[in-house]
Amino acid sequence: MASPITTHVLDTNLGGPAQGMAVKLYKQIDGELVEIASGETNADGRITDWLDGQQREKGIYRIEFATDPYFEKQGKTCFYPVVTFDFRIEKPEEHYHVPLLVSAYGISTYRGS
């Protein structure tokens, strides 16, 4: 079974993948956010191996992108030092892809495929 949750970070200022960005994944359990995975984006800006082989579960999740260190390596200051998105899994049988489009002064996301 492929990882039920994946992400992809694109640096819109560079026009390409954001390699080397630290990302954490949390799940809300009994009202508390619990870290369940972490990783760093690969050369294509992706993390595809979170929760490999684990059962998908309904619930509220959070992805946290460490944007400040990523932009500091480029000698830039980022308006958004950390970007977080909360999302809901209602159909555990589906794949959930949560990408981030980011620049030092702008962010966007959507539910990908």
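Start with Glu 57 and Lys 27: in this predicted model, their side chains meet in a salt bridge, with 3.8 Å from N to O. Glu 57 sits in the loop between strand S5 (46–47) and strand S6 (59–65), while Lys 27 belongs to strand S3 (residues 22–29), so this pair ties together parts that are 30 residues apart in sequence. The two partners also have their own surroundings. Glu 57 has 43% relative accessibility and counts as partly exposed, whereas Lys 27 is buried, with a relative accessible area of 11%. Why does 11% land Lys 27 among the buried residues? Because buried means under 20% relative accessible area.

That bridge has company, since a search of the whole structure turns up six salt bridges. One of them joins the side chains of Arg 62 and Asp 86, at 2.6 Å from N to O. Here Arg 62 comes from strand S6 and Asp 86 from strand S7 (residues 83–89), so the pair ties together parts that are 24 residues apart in sequence. Arg 62 is partly exposed at 24% relative accessibility, and Asp 86 is partly exposed too, at 48%.

Now look at Glu 90 and Arg 88, whose side chains meet in a salt bridge of 3.6 Å, N to O. Are these two residues buried or exposed? Glu 90 has 51% relative accessibility and counts as exposed. Arg 88, at 53%, counts as exposed as well. The cut-off is worth having in mind here, because exposed means over 50%.

Next come the rings. The structure holds five aromatic pairs. One of these is made by Tyr 61 and Phe 87, which are stacked: their centres are 5.8 Å apart and there are 20° between the planes. Why call that stacked? Because planes under 30 degrees apart count as stacked. Tyr 61 lies in strand S6 and Phe 87 in strand S7, so the pair ties together parts that are 26 residues apart in sequence. If you've been following along, those strand names should ring a bell: Arg 62 and Asp 86 also lie in strand S6 and strand S7. Both Tyr 61 and Phe 87 are buried.

Tyr 70 and Phe 71 give you another arrangement to look at. Their ring centres are 5.0 Å apart and their planes stand at 80°, so this pair is edge-to-face. Tyr 70 is buried, and Phe 71 is buried too. You can also pick out an aromatic cluster, formed by Phe 79, Tyr 80 and Tyr 105.

A ring can have a charge for a partner as well. Over the ring of Tyr 96 sits the charged end of Arg 111, 4.0 Å from the ring's centre. Tyr 96 turns up again when you look at Thr 6, a residue in strand S1 (residues 5–11). Leaving out residues up to four places away in sequence, Thr 6 touches Ile 47, Thr 48, His 95, Tyr 96, His 97 and Val 98. Thr 6 itself is buried, with a relative accessible area of 7%.

Which residues does UniProt mark with the feature "binding site"? The record, an unreviewed entry, places this feature at His 8, Arg 46 and Tyr 110. Let's take Arg 46, which is found in strand S5. Arg 46 is partly exposed, with a relative accessible area of 31%. Setting aside its neighbours within four places in sequence, Arg 46 is in contact with Thr 7, His 8, Glu 40, Thr 41 and His 97. His 8, then, is both a contact of Arg 46 and a position in the record's feature.

Tyr 110 lies in the segment after strand S10 (106–109). It is partly exposed, with a relative accessible area of 45%. Not counting residues up to four places away in sequence, Tyr 110 touches His 97, Val 98, Pro 99 and Leu 101. Spot His 97 in that list: Arg 46 contacts His 97, and Thr 6 touches His 97 as well.

Finally, how confident is the predictor? The protein averages a pLDDT of 93, and 97% of the residues score at least 70. Among the elements, strand S2 (residues 16–17) has the highest mean pLDDT, 98, and strand S8 (residues 96–97) the lowest, 92. Where pLDDT is low, the predicted coordinates should not be read in detail.

Definitions and conventions. Residues numbered from 1 in each chain as written. Heavy atoms only, no water. Salt bridge = Lys/Arg side-chain N within 4 Å of Asp/Glu carboxyl O. Helix = DSSP H or I, 4+ residues; strand = E, 2+ residues; numbered from the N terminus. Buried < 20%, exposed > 50% of the residue type's maximum accessible area, 1.4 Å probe, protein only. pLDDT = per-residue confidence, 0-100. Phe/Tyr/Trp six-rings, centres within 6.5 Å; stacked < 30°, edge-to-face > 60°. Lys NZ or Arg CZ within 6 Å of the ring centre and 35° of its normal. UniProt positions renumbered as here; feature names shortened; annotations may be inferred. Contact = heavy atoms within 4.5 Å.
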